[in-house]
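Please look over the following model before reading the notes beneath it. The notes are meant for someone who has not met this structure before.

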Amino acid sequence: MIRFIEADGTPHPVEAAVGQSLKQAALDHLVPGIIGDCGGCASCGTCHAYIDDKHLPLLAPADENEEMILEGIPTPRTANSRLTCQIPVTADMAGMEVHIPDTQF
Amino acid sequence: MKTVVIVGAGQAGSELAVALRQNGFSDRIRLVGAEPHLPYQRPPLSKAFLHGKADQVALRTRAPDAFTNAGIEIELDTAAVGIDRRTRSVALADGRTLRYDKLALTTGGSPRPLRFGSGHVAGRTLHTLDDAIALRQELQSGGTLLIVGGGFIGLETAAAAADMGIAVTLVEAQPRVLARTSPPAVSAFVEREHRNHGVDLRTGVSVRSVARRDGALHAQLSDDTVIRADLILTGVGIAANDTLAATAQLAVDDGVLVDATARTEDPDIVAAGDCTRQWHGFLGRSVRLESVQNATDQARTAARTLCGKPTERFTAPWFWSDQYDHKLQMAGLPQTGDTEIVRGDPSTNSFSVVYLRNGIITGLHAVNQPRDFTAARQLVTARAAMTGDEAACEDLPLSELMKRHQPTAERRT
Ligand SMILES: Cc1cc2nc3c(=O)[nH]c(=O)nc-3n(C[C@H](O)[C@H](O)[C@H](O)COP(=O)(O)OP(=O)(O)OC[C@H]3O[C@@H](n4cnc5c(N)ncnc54)[C@H](O)[C@@H]3O)c2cc1C
Ligand code: FES
């Protein structure tokens, strides 16, 4: 179970399938605020979200391309900023909180 | 109970259905699509899918469950053939009619067919999943491919085919590829990369006629050379699917005419995506845009309009293309007369072209420069002022310039 949380605090608990991307899990559960226009090829940056501190260390770090996309996103970029299309869901993500920014472009 | 009928189960139709639910619409949603497939994304068709690097599941806009759980009723393999605005009903090809309270048109576009000379040999097109499945199969069995049209679809297909070891010839009638959409520096880069990958790329020539002989196609070009190919693919643009709207007496002009809130002249009918010609809130002019971003963003706008929360669309358009391992991204919609400033050195395979008009950034084309692209999207939307020197200065990150500008009030997801 992953908890997507909208910028206004609305929670969306989602049963995500292991192996799918966090972005697709959000899309398949109609979570608002994750757009994912490029389909997950790390071109658009519209799947940006903040990963909670507890689970962040579990993730493989962003590659150079993801870093560059994140540089120009409209919402504040923090150490927790990630492109959700670049994160495959794993079993140890149970309980992870993913905070969605108030805008994607 | 109210019913919204959405005609066209593609990128925009799928997003519109979902956005209705996200905006609190709790009554009936019926999504009608002519294709036999659940809503899917087209961009990978000429990229990862053609290559075999992405499968059909990866193309889906949403999982099948997503629609079922949201109570979105989907009818596939079902074309709408008429709209009766008086009785508020849509006629389907199978003889049924669907009543609607609100109607959305998301019918997309169709590739412009190209027939060559008296032989009437038609080129194939790549627009649907079925087109891509067939093309992939044929490419896997080898042979030679002639591509007519140096736009994004032609070039992406050339890249995928060349990577698969297919001998590819690409002809473009204009003096350079991407002439309609991109600056000369980007065209030059793209042409060079295709030639480096073995594509026989010819600009300034067109196909005069094609004859079928000895089990192959022989294309005679305007410069009198003859190209032998097993397969011809044309990528010469699409026409908006606006006939349904036109026969229902809605205003069309190379696209269903809609305002900046995605409304047609009938208050009960909205339209979104490739099938529309819209008055664009940000650009302040009428445009027909063919991109995923436009389709999904306009679909969300249309959903809000149907839910009685109309908001004007106010985002700068953007687009991307992948060819080989290069990423092309563009933001804004520059017009002729805008100044083009090259940022970085094209020979390093990583550079951008910034467009300025009266000291304001109107667009940017990035080649392997995602950093410039995402920053430019914000700067273009903010109508940021910038000098030519700033635009050209690679050492000054565009994201630095962003700090000078307040975000626009109209931003939203
Ligand atoms: C090969 C390819 C690559 C692309 N690459 C990119 C890219 O890299 N980046 C990008 O931004 N964009 C790209 N695009 C463009 C992008 O896919 C389109 O802009 C987008 O799909 C438009 O969405 P839409 O919903 O308006 O139309 P579509 O997705 O085309 O959906 C329209 C649907 O309506 C259906 N329909 C039509 N008439 C009827 C009817 N009478 N009754 C029922 N159903 C009907 C059609 O069958 C179709 O399924 C690409 C397009 C193609 C073909
Ligand atoms: S979906 Fe486009 S960058 Fe993640």
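The briefing below takes up the contact between two chains, then one residue from each chain.

This is a predicted model. Between chain A and chain B, 27 residues of chain A are in contact with 33 residues of chain B, and the area buried between the two chains is about 2,500 Å², of which carbon and sulfur atoms give 55%.

**The side of chain A that touches chain B**

- Leu30(A), Asp37(A) and Phe105(A) lose the most area to chain B, together giving 29% of what the chain A side buries.
- The count between the chains is one salt bridge, and Arg371(B) forms a salt bridge with Glu71(A), with the closest N and O atoms 2.7 Å apart.
- There are also 14 residue pairs in polar contact between chain A and chain B, both residues being at pLDDT 80 or more.
- H1 and helix H2 (64-71) are the elements of chain A that give two or more residues to this side, and H2(A) gives the most, with four residues.
- By type, the residues on this side divide into 14 nonpolar, nine polar and four charged.

**Asp28(A)**

- Asp28(A), which lies in helix H1 (residues 22-28) of chain A, is buried yet has no salt bridge, and the nearest side chain of opposite charge, Arg62(B), is 6.0 Å away.
- The side chain of Asp28(A) reaches the backbone nitrogen of Ala63(B) at 2.7 Å.

**Ser206(B)**

- Ser206(B) is found in the loop between strand E13 (200-203) and strand E14 (207-213) of chain B, and Ser206(B) is partly exposed because its relative accessible area is 32%.
- The C-alpha atoms of Ser206(B) and Val148(B) are separated by 7.9 Å, although these residues are 58 residues apart along the chain.

Key: Residues are numbered from 1 along each chain as its sequence is written. Chains are lettered from A and ligands numbered from 1 in the order in which they are written. This is a predicted model: local features need pLDDT of at least 70, side-chain atom pairs count only at pLDDT 80 or more; totals for chains, interfaces and linings use all residues. Side-chain values use heavy atoms; hydrogens and water are left out. Buried means under 20% relative accessible area, exposed over 50%, partly exposed in between (1.4 Å probe, protein chains only). Lys and Arg count as positive and Asp and Glu as negative; His and the chain ends are not counted. A salt bridge is a side-chain nitrogen of Lys or Arg within 4 Å of a carboxyl oxygen of Asp or Glu. A polar contact is a pair of N or O atoms within 3.5 Å; within protein, one must be able to donate a hydrogen and the other to accept it, and residues adjacent in sequence count only if both atoms are side-chain atoms. Contact means heavy atoms within 4.5 Å. Buried area is the accessible area (1.4 Å probe) that two parts lose on being put together, summed over both. Ala, Val, Leu, Ile, Met, Phe, Trp, Tyr, Cys and Pro count as nonpolar, Asp, Glu, Lys and Arg as charged, and the others, Gly among them, as polar.
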